[in-house]
Amino acid sequence: MGCLGLFFFALLSFSAVAFAVNGEEEVGLVMNYYKDSCPQAEEIIKEQVKLLYKRHKNTAFSWLRNIFHDCAVQSCDASLLLDSTRRSLSEKETDRSFGLRNFRYLDTIKEAVERECPEVVSCADILVLSARDGIVALGGPYIPLKTGRRDGRRSRADLLEEYLPDHNESISAVLDKFGAMGIDTSGVVALLGAHSVGRTHCVKLVHRLYPEVDPALNPDHVEHMLHKCPDSIPDPKAVQYVRNDRGTPMILDNNYYRNILDNKGLLIVDHQLATDKRTKPFVKKMAKSQDYFFKEFSRAITILSENNPLTGSNGEIRKQCNVVNKHH
């Protein structure tokens, strides 16, 4: 296989093998990429995540959502973090990013890393590693993840609908979109287990309550949902939400699967997951075994985190995560 063949092989497999470009070796994603250039990087990120979680418990939910919203949209390149400019809309400001928050705390982590190693560690890697450490803070598994991503230079707001699975889509569409990233059915079921933590804003679920209550919902749960979401047209800025899992709302666990088998899933996708013949067997298996859920969740997060990254001389290392570097 020639240089070009090697290049395309690496591009297709997104693997961490070295490949040749212009006669130079470039390394893709590898474990502990910063061991020489910034040996403290991963430790600094872990400490910052812990500190922020102590002060603001909801930061961990944000880190987990970030990896999905960034990596699922064509590339794991921190495009999610870019602010709007005169020419392009930020991904953060689209309807699909409703409820995403705590971006300023990601800047806090970046600043701590920059103090130790200026312009070495990418925002894309910080986003991925903060998700990894956030999962641990929520009682989930520790997932060894590769690093070496570089930051993209443009917002992908125009591509969100095409790439990002939506909770109101059919389960077939959700499986197809994740499948295009290399995540199989059991992986999709496991990733949606992230709905075992955090909360859902009433805006996202009132269509299941008004004008008529969705008959698929557990009547015992409906009363609680109506109490939390009393308005058929909720104010998006109001603090009106339902916890995704009333039993263990702050713990990433397999309680979610027991809830959705009991028709207590808040979103259409939760309900479909528990009833569709392709996904239900995995839901039942994860409801029975937390170990199996964690194993599949770890595998799916790993695949998601390695989705089409920019590596080598592609992209850049942003100085600030919300703006691209100025090139003279």
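**Close-up views of a predicted model**

**View 1. Glu119, a partly exposed residue with a positive phi.** At 45% relative accessibility, Glu119 counts as partly exposed, because that label covers everything between the under 20% of buried residues and the over 50% of exposed ones. Keep in mind that this is a predicted model. You'll find Glu119 in the loop that sits between helix H4 (103–116) and helix H5 (123–137). Check out its backbone, too: phi is positive, about 55°, although Glu119 is not a glycine. Why point that out? Because most residues other than glycine have a negative phi.

**View 2. Asn263, in the loop between helices H10 and H11.** Here's another non-glycine residue with a positive phi: for Asn263 the value is about 60°. Helix H10 covers 255–261 and helix H11 covers 268–275, with the loop holding Asn263 between them. Is Asn263 buried or exposed? Neither, really: its relative accessibility is 31%, so Asn263 counts as partly exposed.

**View 3. A cis peptide bond between Tyr210 and Pro211.** Follow the backbone from Tyr210 to Pro211 and you cross a cis peptide bond, with omega near -5°. Most peptide bonds are trans, so this kind of bond deserves a look. As for where you are, Pro211 lies in the loop between S3 and helix H9 (219–228).

**View 4. A positive patch on the surface.** Which residues form the positive surface patch? They are Arg199, Lys228, Arg243 and Arg246. Zoom in on Arg199 and you're in strand S3, which covers residues 199–201. Arg199 has a relative accessible area of 36%, so Arg199 is partly exposed. That value clears the cut-off for joining a patch, which is over 30%.

Note on methods
Residues are numbered from 1 along each chain as its sequence is written. This is a predicted model: local features need pLDDT of at least 70, side-chain atom pairs count only at pLDDT 80 or more; totals for chains, interfaces and linings use all residues. Side-chain values use heavy atoms; hydrogens and water are left out. Patches are made of residues with over 30% relative accessible area and no salt bridge: like charges are joined within 9 Å, nonpolar side chains (Val, Leu, Ile, Met, Phe, Trp, Tyr) within 5 Å. Accessible areas come from the Shrake-Rupley method with a 1.4 Å probe; for residues, only the protein chains shown count as cover. A salt bridge is a side-chain nitrogen of Lys or Arg within 4 Å of a carboxyl oxygen of Asp or Glu. Lys and Arg count as positive and Asp and Glu as negative; His and the chain ends are not counted. The place of a charge is taken as NZ of Lys, CZ of Arg, CG of Asp or CD of Glu. Helices (H or I, at least four residues) and strands (E, at least two) are DSSP runs, numbered from the N terminus. Buried means under 20% relative accessible area, exposed over 50%, partly exposed in between (1.4 Å probe, protein chains only).
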